[in-house]
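Colleague: Could we look at this one together? I would like to go through how its pieces fit.

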Amino acid sequence: MPDPLNNSYYAATANAWETQPAFKGEGAYDVAVIGGGYTGLSAALACAEKGLKVALFEARTIGFGASGRNGGQLIPGLRWSMREIDAEFGRERAQAIFDLAYGAVDRVKHRIARHGILCDLKAGHLEAAHKPAHFDAMRRDAEFLAQAFGWESEIVQPQDMGRHISGGDYHGGVYDPKGGHFHPLNYALGLATAAKRAGVDIFEHSPVRPDMPHAKAVVVATDTWMGEQDRDLGRYTIPIMNYNVATTPLPDADVLLPGDAAVADSRFVLNYFRLSADKRLIFGGGEKYVQTPPADIAAFVRRHIAEVFPTLADIPIDYAWGGAVGVTMNRLPHIGRKGNVFFAHGFSGHGALLTTVAGEVLAEAASGTMARFDVFANLPHRPFPGGRLLARPLATLGLLWYALRDRL
């Protein structure tokens with residue numbers, strides 16, 4: 001049955017990929033990886049590069065989940081600023097977190113270059129301030145990041161925002177030249193192709209649980225489907241539905257976004273947008289806390305486009321799609337182990353870069369090297385309150401409150 005949420009520009013412009021066979025229940029492996037998104041693909045590839053015999057199991061198709069549907073924004077770092085991380089954990093631990101989280105930029109670029117992945121990679125990411133107070137916080141964060149960790153970005157004054165964006169009435173921002181954007185599904189397919197070349201057995205349309213494959217170690221990387229693998233782990237995230245559209249190609253695209261950077265604003269329920277390789281506006285706006293999609297996804301997102309770019313209020317929309325983002329209580333990724341099962345999920349909207357390094361860290365742990373894994377595994381986490389029945393309604397109430405604050 002076709003997925004009603006996957007009428008995506010990415011699926012329509014995907015690189016060639018030969019569907020892989022379903023698992024027949026045969027074969028023994030050093031490592032079994034469950035999940036065919038960035039985390040699982042990166043883990044499988046890294047394990048194979050270590051000489052391990054690896055199988056990857058995907059219940060649907062490669063890149064079916066958030067890895068193949070996201071906004072394509074490469075945002076360095078975590079949902080917490082390094083100023084917050086340094087204050088919470090101290091400098092030594094903050095340095096280790098910085099090395100992994102911000103080092104993810106180079107890991108993704110390395111994979112793209114090494115494997116010749118054609119995914120429309122472009123440089124530049126702009127965080128745009130929705131309120132003057134947001135700009136003040138952004139500026140402090142950027143200055144601290146440069147002073148304490150040597151990560152340089154450009155503080156963009158309100159009067160200079162026109163160099164990056166024509167619209168939005170934003171109150172300044174921070175431009176990071178090391179961030180960027182890409183075609184997310186083609187990156188996933190590129191990782192899958194590289195994994196196959198490295199010797200990974202990939203099985204699509206193959207739902208499995210951790211106890212089903214014959215393997216010495218298992219990596220579970222199913223994000224919003226984690227509860228299907230382990231009910232307890234599923235309590236550490238809730239799914240938030242995000243929706244994207246791709247307009248028809250725009251003749252004045254370079255006027256709207258002169259620097260061709262990806263943009264995300266500072267609302268709690270943020271708008272995020274960029275130009276595709278063929279000059280469409282790819283725009284994500286609004287969130288829903290129930291998994292039933294809007295009757296008309298294009299209309300749902302269009303009103304957010306009109307708030308930022310009023311001249312595009314009636315622009316034709318060629319593609320509209322959606323998907324779930326796994327969000328943790330504290331908005332930091334939840335990474336850990338249970339015996340010989342290693343897991344990662346809950347990247348909370350910052351997964352396009354972090355998942356590649358998370359997969360590589362899981363591969364290290366599965367082969368016995370724990371140092372970098374422990375940096376992420378020791379982050380504090382709590383499950384959402386309310387148990388299986390009430391966790392999502394309680395979390396929804398909290399999220400709606402923060403969304404309301406955006407409008408006040």
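Modeller: Happy to, and a definition helps to begin with: two strands pair if DSSP finds at least two bridges between them. Please keep in mind that this is a predicted model.

Colleague: Then how many bridges join strand 15 to strand 16?

Modeller: Strand 16 covers residues 341–345, and strand 15 runs antiparallel to strand 16. In this pairing, His334 stands opposite His345. Pairing needs at least two bridges, and the number joining strand 15 to strand 16 is five.

Colleague: Which strands stand at the edges of the sheet?

Modeller: The sheet is open, with six strands in mixed pairing and the order 8-3-2-9-16-15. An edge strand here has a single partner strand, so one side of it is left without a neighbour in the sheet. That describes strand 8 (201–203) and strand 15 (334–338).

Colleague: At about what angle does helix 11 run to strand 16?

Modeller: Helix 11 (residues 351–366) packs on the sheet. Its contacts are with strand 2, strand 9, strand 15 and strand 16. Relative to the direction of strand 16, the direction of helix 11 makes about 170 degrees.

Colleague: And is helix 4 parallel or oblique to helix 6?

Modeller: Helix 4 (residues 91–115) packs with helix 6 (residues 184–197) at about 60 degrees, and their axes are 10 Å apart. Angles of 65 to 115 degrees would count as roughly perpendicular and those under 35 as roughly parallel. Therefore helix 4 is, relative to helix 6, oblique.

Colleague: Which residues of helix 4 make that contact?

Modeller: On the helix 6 side are Tyr187, Leu191, Ala194 and Arg197. The contact residues of the two helices divide into five nonpolar, one polar and two charged. From helix 4 come Val108, Arg111, Ile112 and His115.

How values were computed: Residues numbered from 1 in each chain as written. Predicted model: local features only at pLDDT ≥ 70, side-chain atom pairs only at ≥ 80, totals over all residues. Heavy atoms only, no water. Axes fitted to C-alpha atoms, helices over the stretch in contact; angles between N-to-C directions. Helix = DSSP H or I, 4+ residues; strand = E, 2+ residues; numbered from the N terminus. Parallel < 35°, antiparallel > 145°, perpendicular 65-115°, else oblique. Contact = heavy atoms within 4.5 Å. Nonpolar A, V, L, I, M, F, W, Y, C, P; charged D, E, K, R; others polar.
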